[in-house]
Amino acid sequence: MSLGMYFIRRIFSLIPFTIGISVLIFFMFALTPIDPVNSVAGLDPGLQKNRDRIAASWGLDKPIPVRYWNWAYPMFTRLDFGESWTSKGVPVTDKFVPYVGNTAWLFGINFILSLIFATVLGIVASTNHNSVFDQITLFMTLVGFSVPNFVLGLVIQQSVASWSNQKISAIFYTAGGKSLWENWPAIIAAELTMLVGGVAFTTRLVRSQMLNVLRQNYIRTARAKGLTERTVIYGHALRNALLPFVTVIALSLPGILSGSAIIEQVFNFPGVGRSLIRAALAFDMPTVLAVNMFFGTLSIFMLIIADIAYGVVDPRIKF
Amino acid sequence: MSTVQENEYVTPTEGKYSSSIISKVVTVFSSALILISIVVILVGLLYLLISIIQYQDFNNQISIAKAQYDADFRAYVNKGNDPSTFDAWNPDRYKPKDAVGGYLNPTQTLRTGIFLILGAVIVIWAINKIYNIYGQKSISLSNEGVKINSFKLAYSATSPVKLTFLPERFIPWESILDIVVKKSDSVFALLNRSLNKAVIYTMDSSYTIESLSFQNSSALMDKLRAYGDSLDERVIDFGYGAQLAVVWRRMKRSKVGMLGIFIVIIFTVIAILAAVFTTIWPPNEISHRFVEWTPFYLRNPNYGSFNSADIKAAPALTQADGSPGYLFGTDHLGRDMFSRIFYGSFYSILIGLIATIISVVLGGFIGAASGYMGGLVDNITMRIADVLMVLPGLPILIMIGATFTPVFKTLNIEGAYYIVVFSVFSLISWSGTARYVRAEVLALKESEYIQAENVLGASNYRIIVKHIIPNTLSTMIIIFTLGVAGSIQAVASLAFLGFGSQSTLVWGDDLASAIRDSDFLSGKVWWVVTFVSLALFLLTLGFNLMGDALRDALDPRLKE
């Protein structure tokens, strides 16, 4: 089978998985014994009086399967996610799609940087296996792994603020009217924060893969041929070590992206994650469901990309 | 084999078997329906849990309403009115209100839960019946013999020609017989006389029976049982006692791992002390007596001071008047941060543990069942697990949190909110554990002692619970330890993002309220965030270090 055919077949396999995710997400929300109208209206007597009307306007007066159909059918046929519950007349897509780009570049930069740092660290650590440097790297990656990223973000905010004798809000939070780039300290701090977790995760991966490859017979052969250590490491070992890496990275991307919620909240960055949190705090459920669908579909798409990318980089795999 | 009666070889020309298309359809549908039913049962259990919480809240509200009524009545009488004229029973005023305005009905929730569970159980039972009759795998009869795909087969001796195929692993025998199969290394037939059961073992998914013979094989049976018993003995002898010593020796090699264990033990001790030192538990009650009594700089974590000097007080060993100071300072309500971190450790660890237990146990059971049953169930489960694996957790966690926050806004039950949220979340997070455990089970399934159990007539349930799960424990422990670190972080993140529960003392809540404070933003109050973050980081690091060392010690294969 050609790569194109394989790709097309996998794209079609996207359909049942996406439907499955939509069912999962929708019923997870709909089956909870909670009345959404109450959650929004609370004990406000004015709203309580109109609760039936509110419920009808949100389509909640119908049975759950009908509600699912009314939600899912427009979504799958014309990408219509419905209308926001909290702001009248605003389509849900307006609530998070404009921010997708922001999140993407914020995490793109971080992703590339952490890949570079991690590859260097991983190679040095694995070629000096069990050395002091290796041990320290291993420990530090675990430390980096364990720091919750909001904690790190807060620590960076605090230390920068006390060092520059300025208010945290003045340095990091976008004041009204400021453009995104004028808020560069927040962006740099956010990148730094994410870099710690990203580098820790990726370094461990590169190191273990490299150790695995360096044990192989063909590396011994390459050394026996009299190749320089440099050629052995970069020409033979690294390439093979990075092969399974492609899959892992592609699969972890959606997780990293959705983890953005915390970083974006800490640094008040206008991204998808922050819009998700805002919608969730306001109980704007159509938006929450839509963002979840977005991340879910993205992750399955990445699963397919990972499969194909692995086939492309690894000549042994035939479709 | 002297007692084999040659003339009783049977050629199975007549048999009860279903056509392959119907059986395939039935198999696919029943597997899918059973999986769905399991999920429905879980949802039903969740309903039961929520209904219990709602009942508790309901009772709370009733007592509040009663107290209100009493107070009104007393005030009415004290004014000099005639008690008999007190007609202030206003249903709106004294009606118990539940979490979100009196619209949730605990009885209804309970009924829905029971209905869901019963319905799912009936569906599973019915499917099992249908599957028993129609849901066979492909069985082809020919003159060469019976070809069976991954199936246990038995012949009833009273009517030798009648074939009955059941999906269970064991089929009752009426009398004693032996099966002669085409001999190869991977196929052998055994039978169990005392339990009236016979089993054909195969490592391959298909094999051919050359012939069947009836034979009095008590000698064979004895041999078999001896074989099985000795294997069982071996399992016990080389059990966990010996293994633990080995694991501990390997653990001690890793200094970093010992550091992790040290940190975890310290925090566990703190959490236990927190429970012991509190004369009032849960520590939500405001008690001045408790404040006076405190040793070691401990105060009531929920008691805020109204003295302006105690609000946002900087960390100090002693106060101006010589009394114990606030070790970690106080927050914007004047609550002592040292006590909040001290008592918060209890819930932070407990909720992390419970959240992980729920997901690991669910994943363990699904993984063990799917690996052990194999076939289509395994296939479907693993496809689902694949997708759930890559599904990002945080957005879904936020969604669940947002859904449940309104319900628990007024509930005063510690930890209930997090437990509910994480049990819903476990519907997604079981996949990682399930994959590891399944891989383990696939290897275990072929081991000799499991086969011996099989021969002795053990049920699937017994094998899974008594042998498979104990043997996958080491994997589970590793996943669990690393999972606790993740759960503690997840709980803190959830609380930090504003989806916490006000009734539970969790570190994330402190962080969340601290960063919304204007004095933190101006850089003045640094201690709240610093100390809470430090505690959170140390605890996570401890569990991560410990889990990492455990992984090296218990199972070198799991090493990334």
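These are my notebook entries on a predicted model with chains A and B.

**Confidence**

I began with the scores. The model has an ipTM of 0.87 and a pTM of 0.70. For chain B, I noted an average pLDDT of 67, with 58% of the residues scoring at least 70. I then looked up two stretches of chain B. Residues 98-103 of chain B have a pLDDT below 50, and this stretch has 16 contacts in the model beyond near neighbours in sequence. Over residues 135-242 of chain B, the pLDDT stays under 50 as well. The model has 225 contacts for residues 135-242 of chain B, counted beyond four places in sequence. I keep in mind that predicted coordinates should not be read in detail where pLDDT is low.

**Nonpolar core**

Next I went to the largest nonpolar core, which holds 146 residues. The members that touch the most others are Phe150(A), Ile398(B), Phe404(B), Phe422(B), Phe496(B), Phe499(B) and Leu511(B). Helix α18 of chain B, residues 527-554, gives the most to this core, with 16 residues. I picked Leu511(B) for a look at its surroundings. Leaving out residues up to four places away in sequence, Leu511(B) touches Phe150(A), Val151(A) and Leu154(A) in chain A. In chain B, Leu511(B) touches Phe496(B), Val529(B), Val532(B), Ser533(B) and Leu536(B).

**Positive phi**

I looked up two residues other than glycine with positive phi. Leu79(A) has a phi near 55 degrees and lies in the loop between α5 (64-78) and α6 (93-127) of chain A. I list Leu79(A) as exposed because its relative accessibility is 59%, and the cut-off for exposed is over 50%. Phe283(A) has a phi near 60 degrees and lies in the loop between α14 (272-281) and α15 (285-313) of chain A. Phe283(A) has 4% relative accessibility, so I list Phe283(A) as buried, the cut-off there being under 20%.

**Nonpolar surface patch**

Last, I checked the surface of chain A. A nonpolar patch of about 850 Å² is made by Met5(A), Phe7(A), Ile8(A), Phe12(A), Ile15(A), Ile19(A), Val23(A), Phe76(A), Phe301(A) and Ile305(A). Helices α1 (3-30) and α15 of chain A each supply at least two of the patch residues. The most come from α1(A), with seven residues. I looked at one of the patch members, Ile19(A), which is found in helix α1 of chain A. Its relative accessible area is 37%, so I list Ile19(A) as partly exposed. For comparison, I note that nonpolar side chains tend to be buried together in soluble globular proteins.

Conventions:
Residues numbered from 1 in each chain as written. Chains lettered and ligands numbered in written order. Predicted model: local features only at pLDDT ≥ 70, side-chain atom pairs only at ≥ 80, totals over all residues. Heavy atoms only, no water. Core = buried A, V, L, I, M, F, W, Y, C linked by side-chain atoms within 4.5 Å. Buried < 20%, exposed > 50% of the residue type's maximum accessible area, 1.4 Å probe, protein only. Helix = DSSP H or I, 4+ residues; strand = E, 2+ residues; numbered from the N terminus. Contact = heavy atoms within 4.5 Å. pLDDT = per-residue confidence, 0-100. Patch = residues over 30% accessible without salt bridge, like charges linked within 9 Å, V, L, I, M, F, W, Y side chains within 5 Å. Areas by Shrake-Rupley, 256 points an atom, 1.4 Å probe, with all protein chains shown as cover. Salt bridge = Lys/Arg side-chain N within 4 Å of Asp/Glu carboxyl O.
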